[in-house]
Amino acid sequence: EDQNRDGGVDTWETDPNVSADEALAFYVRDLVPGQRVRFEVYNAVPLQNVVPAYSLRGPGPTATTLGLAVDLTMPITVLSASLSDRDGRVSAVGPRVPAGVALGIPIWLQAVEIPLSSTLPPRKSNSILLPIGAN
């Protein structure tokens, strides 16, 4: 929860004394033509699958087979799952943004945590709207 371990509750961190603020936090970097997209996830349940996805159509909602509605509109492109580490973090490199794509095209992104245990429910992260060219 204290991602930088400075003892404070900084922007995008959660308070270790408040269990209700444990949201799955999703960040995206390098949405730049020719670059690989980089994903960061915080506050995942340790050692669970986290799946990033995106849509070119809009913010949804769209029902899933997980019993969870995501904030993306079909068609949704699902990327490779990553396993969260023991601190509930994921750092992953996604696909390369096509080099010739026009700047400014909006992309809607979201991650879903799919638990390996049937006792835990799936969770969705915050949704993100970024234009191509955002860093």
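**Exercise 1. Determine which residues form a nonpolar patch on the surface of this predicted model, and place one of them in a strand.**

Solution. The patch consists of L47, L83 and L116, which together have about 280 Å² of accessible area. Of these residues, L83 can be assigned to strand β7, residues 82–83. For the chain, the accessible surface is about 7600 Å², and carbon and sulfur atoms account for 56% of it.

**Exercise 2. Describe the secondary structure of the chain and its contacts between residues at least 6 apart in sequence.**

Solution. The chain holds 11 strands and zero helices. Its pattern along the sequence accordingly reads β-β-β-β-β-β-β-β-β-β-β. Among contacts joining residues at least 6 apart in sequence, 62% are between residues at least 24 apart.

**Exercise 3. Locate the cis peptide bonds that precede P61 and P75.**

Solution. The bond between G60 and P61 is cis, with omega about 15 degrees. P61 belongs to the loop between β3 (49–55) and β4 (62–63). A cis bond also leads from M74 to P75, where omega is near -5 degrees. P75 is placed in the loop between β5 (69–70) and β6 (76–78).

**Exercise 4. Decide whether D30 and N43 are buried or exposed, and give their phi values.**

Solution. A residue is buried under 20% relative accessible area. D30 has 17% relative accessibility and therefore counts as buried. D30 lies in the loop between β1 (25–29) and β2 (36–42), and its phi is positive, near 65 degrees. N43 has 10% relative accessibility, so N43 also counts as buried. N43 occupies the loop between β2 and β3, with a positive phi near 70 degrees. Of the chain's 135 residues, 36% count as buried.

Conventions. Residues are numbered from 1 along each chain as its sequence is written. This is a predicted model: local features need pLDDT of at least 70, side-chain atom pairs count only at pLDDT 80 or more; totals for chains, interfaces and linings use all residues. Side-chain values use heavy atoms; hydrogens and water are left out. Helices (H or I, at least four residues) and strands (E, at least two) are DSSP runs, numbered from the N terminus. Buried means under 20% relative accessible area, exposed over 50%, partly exposed in between (1.4 Å probe, protein chains only). Contact means heavy atoms within 4.5 Å. Accessible areas come from the Shrake-Rupley method with a 1.4 Å probe; for residues, only the protein chains shown count as cover. Patches are made of residues with over 30% relative accessible area and no salt bridge: like charges are joined within 9 Å, nonpolar side chains (Val, Leu, Ile, Met, Phe, Trp, Tyr) within 5 Å. A salt bridge is a side-chain nitrogen of Lys or Arg within 4 Å of a carboxyl oxygen of Asp or Glu.
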